[in-house]
Amino acid sequence: MNSRTLTMRALLLASALSLGFGVVACKKEEPTPMEKAEENVKDAFDARPNEALKDAGEDAKSAVQNAGDAVEQKADEVKQDAQH
């Protein structure tokens with residue numbers, strides 16, 4: 001094997017390892033029921049850290065869900081119209 005092949009293998013291995021460690025590091029544990037309740041109370045009183053960002057994220061999530069529902073409903077309407 002030449003040095004270029006060894007270098008490429010080393011880079012590939014390093015990339016794979018860093019990706020694997022990154023995925024493991026990003027794994028988030030599920031909150032306990034008590035932690036969920038605490039988060040809901042803080043949300044109700046707008047007392048969470050980074051409240052504005054969290055609210056914006058929740059609003060965006062709702063908007064995407066609503067858009068998905070609307071697309072699904074329209075697809076059903078088009079499908080029914082095509083059958084008649």
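**Exercise 1. Which pattern does the chain follow when read along the sequence?**

Solution. Let's start with the whole chain of this predicted model.

- Step 1: The secondary structure comes to 3 helices and 0 strands.
- Step 2: Reading along the sequence gives the pattern α-α-α.
- Step 3: For the surface, the chain exposes about 7,800 Å², with carbon and sulfur atoms supplying 61% of it.
- Step 4: Of the 84 residues, 2% count as buried.

**Exercise 2. Check whether the length of helix 2 agrees with its residue count.**

Solution. Here the count comes before the distance.

- Step 1: Helix 2 covers residues 33–44, which is 12 residues.
- Step 2: The expected span is 1.5 Å times one less than the number of residues, so helix 2 should span 16 Å.
- Step 3: The end C-alpha atoms of helix 2 are 17 Å apart, which agrees.
- Step 4: Looking just past the helix, Asp46 follows helix 2 and has a positive phi, near 50 degrees.

**Exercise 3. Work out how helix 2 and helix 3 are arranged, and name the residues that make their contact.**

Solution. Take the geometry, then the residues.

- Step 1: The two helices pack at an angle of about 100 degrees, and their axes are 11 Å apart.
- Step 2: Angles of 65 to 115 degrees count as roughly perpendicular, so helix 2 is roughly perpendicular to helix 3.
- Step 3: On the helix 2 side, the contact is made by Glu39, Lys42 and Asp43. Helix 3 contributes Glu51, Lys54, Asp55 and Glu58.

**Exercise 4. Is Glu51 buried or exposed, and which residues does Glu51 touch beyond four places away in sequence?**

Solution. Place the residue before judging its cover.

- Step 1: Glu51 is found in helix 3, which covers residues 51–83.
- Step 2: Its relative accessibility is 11%. Buried means under 20%, so Glu51 counts as buried.
- Step 3: Leaving out residues up to four places away in sequence, Glu51 touches Lys42, Asp43 and Asp46.

**Exercise 5. Compare the salt bridges of Lys42, Lys54 and Arg48 by partner and by exposure.**

Solution. A reminder before we begin: side chains of opposite charge can pair when their charged atoms come close.

- Step 1: Lys42 pairs with Glu38, and their closest N and O atoms are 3.2 Å apart. Both residues lie in helix 2, 4 residues apart, or about one turn of the helix. Lys42 is partly exposed at 32% relative accessibility, and Glu38 is partly exposed at 44%.
- Step 2: Lys54 forms a salt bridge with Glu39, with the closest N and O atoms 3.8 Å apart. Lys54 is in helix 3 and Glu39 in helix 2, so this pair ties together parts that are 15 residues apart in sequence. Lys54 is partly exposed, with a relative accessible area of 30%, and Glu39 is partly exposed at 31%.
- Step 3: Arg48 meets Asp43 in a salt bridge of 3.1 Å, N to O. Arg48 is buried at 6%, whereas Asp43 counts as partly exposed at 26%.

**Exercise 6. How many salt bridges does the structure hold, and which residues are linked in a network of them?**

Solution. Now widen the view from single pairs.

- Step 1: The structure holds 8 salt bridges.
- Step 2: The network links Glu39, Asp43, Arg48, Glu51, Lys54, Asp55 and Glu58.
- Step 3: Set this beside Exercise 3: Glu39 and Asp43 are among the helix 2 residues in the contact, and Glu51, Lys54, Asp55 and Glu58 make the contact from helix 3.

Note on methods:
Residues numbered from 1 in each chain as written. Predicted model: local features only at pLDDT ≥ 70, side-chain atom pairs only at ≥ 80, totals over all residues. Heavy atoms only, no water. Buried < 20%, exposed > 50% of the residue type's maximum accessible area, 1.4 Å probe, protein only. Contact = heavy atoms within 4.5 Å. Salt bridge = Lys/Arg side-chain N within 4 Å of Asp/Glu carboxyl O. Areas by Shrake-Rupley, 256 points an atom, 1.4 Å probe, with all protein chains shown as cover. Axes fitted to C-alpha atoms, helices over the stretch in contact; angles between N-to-C directions. Parallel < 35°, antiparallel > 145°, perpendicular 65-115°, else oblique.
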